[in-house]
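Student: I am new to this structure and would like a close look at a single part of it. Please also say how that part fits with its surroundings.
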Amino acid sequence: MRVRLNVALAAVVLSVAGCAKESEPTPAPAAAPAAGTATEAGNPPDAAPAPAVFSPAELDQMVAPIALYSDPLLAQVLMAATYPGDVADAARWSEAHPDAQGDDAVRQVSDQPWDPSVQSLVAFPQALALLGQDPAWVQRLGDAFLAQPDAVMDAVQRLRHQAADAGNLASNEYQNVTTEPAPAAAPEPQAAPAAGSTTTVVQAAPAQDTIIIQPSDPEVVYVPTYNPTQVYGTWAYPSYPPTYYPPPSRYYAPGSALVNGMMWGVGVAITDSLWGDFNWGHDDIDIDINRYNNFDFDRDIEIGNNNRWQHNSLHRDGVPYRDQASRERYGRQLDNPASRDAFRGDTANRTAERERARQSLQSHGVQAPARSNQEARARAQDAARAGGLAGADRDAARARAGEVAQQARNNPQARERAQAAAANHPQARDRAQSAAANHPQARDRAQSAAANHPQARDRAQSAAANHPQARQQAHSAAQQARANPEQARQKAAQRANKPTTNTQARQAAQQAHRSQAAPRNNAFSGASRPSTSQAHAARGQASRAHAAQPRSTQARQVNRQPRPQGHAQRGGRR
């Protein structure tokens, strides 16, 4: 019995030890190097993927107005949207030429400096009228297609599936709608599971089928217009609602066909205006070289391998790119500084021409232009300092002149020297004599003053006694007065009537104005009913006259009208 218990205990101990051994973690095999990780010296890891420029909600909002266009037309619109400046110019041209459409319109704009994708879009004025309503939206749409072409095309497919689920996308007489199954995704390689470990398999969501829209007639294209909020059913992103652009009435008359929430206008007959189409499996646009070459465009289009469309930055016309990756890819950057200077025109010949021009200016006494902004600022500062010094010198000279004049006024000797110089200067004396002889008004005033003012005559005689020239002038004036006394008296009387003060002059001017003023116009002349107008104008005069009377005479009188007999009194007996 004891032996059996020992054997049983030994079996239990061995089983417990085996379980403990199995529970120990098995060391995992060395993991394979991750993709993009440097395995050898000198091989840098791959760059991290660039962040998305636009979210799916923003992309759905942007492509909603055009997602239901036919594939060739939608491809043409997305290519042209990468040149927003050209699209705006083409929209204005199409509005100015409302009758131009089809291949003929494309030939009319063949000489315009636009990208061929924009020139071909002129064939469809309905689409240009839509794009011309919001240039900012066009630029965002083009930036999204450059930065995320696969995401833009996925957004188009999402919205087409929404419209189909809502029952608003189907084949009709204007378009053919077909569905292609999505290509099966290749299985991703999985690492071998560790021994004794469990593996969880996560199945990817099945890819949606591709909806393709083509015109019913390849040579007649209809451009639909619709309200995105109605065609796509319930919108998945309330914070990013789609925008509805009303169509122009000249392209969509009130009687236009309305099928499944979309309005169809007049079809556009074309032959080669559409030369692009989607390659849904590779998320790019393919170019039909034969159709493109049928037009004699002034510039070539960028075509990559397998006739894929490529954006041409030369036709961007200075519009900046939104994201850094697009700027680095499509920006016009030259290889080295020498090439950059050559692009700006800073060549050796240009530098020699500038130097010759500078020397020519200096030889003619003209200061050459500054070579840099620093030199220009230095010149401006020097000119400002020189101007300040010159102004200070002028102020000092003016002050010295004032001091000299004040000293002359206060110095009797200086005043006497100035008077002696004036008396001995023959030219000044001659000018004074000629002025006295040739000035008749001054001579007349002197004569009248001598005749009518004894004090003035005495002063004149005393001045004449002291001044030989004045004495001669007074003597000549007296002789003329004696020779023609009547004329002297008339002149004296005229001068006596003139005002002698400013107040008298002002009163005389007012009197002359009143005498020359026209009579006042009658306010009631020309009125249809003068008596009524006068009565209205005189309204209130009686009240003012009554108010002006003394209060003792203002007796209150109340005139009561007699009541007719038989009239029942109010409040009498009942």
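Tutor: What follows goes from the whole chain to one sheet, then to its surroundings, and ends with a hairpin and some backbone angles.

The model is predicted, so local features need pLDDT of at least 70 and side-chain atom pairs pLDDT 80 or more, while totals for chains, interfaces and linings use all residues. Residues are numbered from 1 along each chain as its sequence is written, and side-chain values use heavy atoms, without hydrogens or water.

The chain has 24 helices and nine strands (DSSP runs numbered from the N terminus, helices H or I of at least four residues, strands E of at least two). Of its 574 residues, 26% count as buried (under 20% relative accessible area with a 1.4 Å probe, protein chains only; exposed is over 50%, partly exposed in between). Of the contacts between residues at least 6 apart in sequence, 69% join residues at least 24 apart (a contact is heavy atoms within 4.5 Å).

The part to look at is an open sheet of three strands in the order 4-6-5, paired antiparallel (strands pair if DSSP finds at least two bridges between them). Its edges are strand 4 (224-226) and strand 5 (257-259), each of which pairs on one side only. Three antiparallel bridges connect strand 4 with strand 6 (residues 262-264). One of the residues involved is Thr-225, whose bridge partner in strand 6 is Met-263.

Two residues from elsewhere in the chain touch this sheet. Gln-175, in strand 1 (residues 175-180), counts as buried because its relative accessibility is 3%. Beyond four places in sequence, the residues that Gln-175 touches include Met-262 and Trp-264, and strand 6 covers residues 262-264. Gln-175 also touches Leu-68, Leu-169, Ala-170, Ile-213, Gln-214, Pro-215 and Ser-216.

The second is Ile-66, which contacts Tyr-226, a position within strand 4 (224-226). Outside four places in sequence, Ile-66 is also in contact with Leu-74, Val-77, Leu-78, Leu-130, Trp-137 and Leu-141. Ile-66 belongs to the largest nonpolar core, of 78 residues (buried Ala, Val, Leu, Ile, Met, Phe, Trp, Tyr and Cys joined through side-chain atoms within 4.5 Å). Helix 3 (residues 71-81) gives the most to that core, eight residues. The residues with the most contacts inside the core are Ile-66, Phe-124, Trp-137 and Tyr-232.

A hairpin elsewhere gives another view of antiparallel pairing. Strand 8 (residues 276-279) and strand 9 (residues 284-287) are joined by four bridges, and Asp-277 has Asp-286 as its bridge partner in strand 9. Four residues lie between these strands. Asp-283 is in that loop and has a positive phi of about 55° although it is not a glycine. Most residues other than glycine have a negative phi. With a relative accessible area of 25%, Asp-283 is therefore partly exposed.

Asp-317, also not a glycine, has a positive phi of about 60°. Asp-317 sits in the loop between helix 11 (289-293) and helix 12 (324-330). Gly-365, just after helix 14, takes a positive phi of about 80°.
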